[in-house]
Amino acid sequence: MELKAGYKQTEIGVIPQDWEVVRLSSLLTKFQNGYAFPSEGYKSSGTPIITMSQIGLDGKFQFNETEAKKWDASKTNKLNDFFVDNGDILIAMTDVTPKKNLIGRMTIAVLTRKALLNQRVGLLKINSEKVISGYLVPCSSQRAWRDYCKAVASLGVQANIGTSDIKNGQVAIPPTKREQSAIAEALCDTDALIESLDQLIAKKRQIKHGAM
């Protein structure tokens, strides 16, 4: 198939000529796997713990601090590597969904205070000089990334993907952060439109159900 002018074929598909395909590791300053918190140490109050259940199939951060598991705040002095800040990127390293559509999915943490990272959730600290969170996270929903994560994951009832495979994954990056921001804003507007349409449909269903 002949490519349109200004585009090129790469390992992860057709992209604009001036874009670059890079390994995810080149965009990071740190990758951190989560800590294996023993369940017997959970408390009714303390520092909240982020688990796999907080990463949605749609890439949304599904976190309720009130309902989250907690860890004794006085015992976190040796867990500095596992703290998550507001705006950090998280990635699903385990998947038990039937179609394995969660493995490798990224989300942006929305927090009012620091939280702790549970095992099988990865923390990505990005190099802000190279990429913005709003652009990178949607990359985990693209077919090339989804296919890659499923291909390298150990499959079964529970799929798992390792640190090295995540860091070796490839993404397409626009040449400037301004272009990344424009794309991120457009994607955000699209998500908002879809969400508003979903709410409208749900409202009409309720009205119809009430009328019946």
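**Note on the salt bridges and the overall fold**

1. D85 is partly exposed, with a relative accessible area of 26%. Keep this residue in mind; it returns in point 5 as a salt-bridge partner. The model is a predicted one.

2. Start with the layout. Four helices and 15 strands make up the secondary structure of the chain. Of its 212 residues, 38% are buried. The exposed surface of the chain comes to about 12400 Å². Carbon and sulfur atoms supply 52% of that surface.

3. Next, the contacts. Consider the contacts in the chain with a separation of 6 or more. Residues 24 or more positions apart account for 76% of them.

4. How many salt bridges does a search of the whole structure find? It finds four. Side chains of opposite charge can pair when their charged atoms come close. One of the four joins R113 and E65, at 2.8 Å from N to O. This pair links distant parts of the chain, 48 residues apart. R113 sits in the loop between β11 (106-108) and β12 (115-117). E65 sits in the loop between β6 (47-50) and β7 (70-71). Are these two residues buried or partly exposed? R113 has a relative accessible area of 37%, so it counts as partly exposed. E65, at 26%, is also partly exposed.

5. Now back to D85. Its side chain meets that of K125 in a salt bridge, 3.4 Å from N to O. K125 belongs to strand β13 (residues 121-126), while D85 is in the loop between β8 (83-84) and β9 (89-92), so the bridge ties together parts 40 residues apart in sequence. K125 is partly exposed, with a relative accessible area of 22%. The cut-off matters here: buried means under 20%. K125, at 22%, is therefore not counted as buried.

6. K125 has another partner, D88. The closest N and O atoms of D88 and K125 are 3.0 Å apart. D88 lies in the loop between β8 and β9 and K125 in strand β13, so this bridge ties together parts that are 37 residues apart in sequence. Is D88 buried or exposed? D88 is buried, because its relative accessible area is 9% and the limit for buried is under 20%.

7. Finally, look at these charged residues as a group. D85, D88, K114 and K125 form one network, joined by salt bridges that share partners. K125 is one of the shared partners, bridging to D85 and to D88.

Note on methods: Residues numbered from 1 in each chain as written. Predicted model: local features only at pLDDT ≥ 70, side-chain atom pairs only at ≥ 80, totals over all residues. Heavy atoms only, no water. Helix = DSSP H or I, 4+ residues; strand = E, 2+ residues; numbered from the N terminus. Buried < 20%, exposed > 50% of the residue type's maximum accessible area, 1.4 Å probe, protein only. Contact = heavy atoms within 4.5 Å. Areas by Shrake-Rupley, 256 points an atom, 1.4 Å probe, with all protein chains shown as cover.
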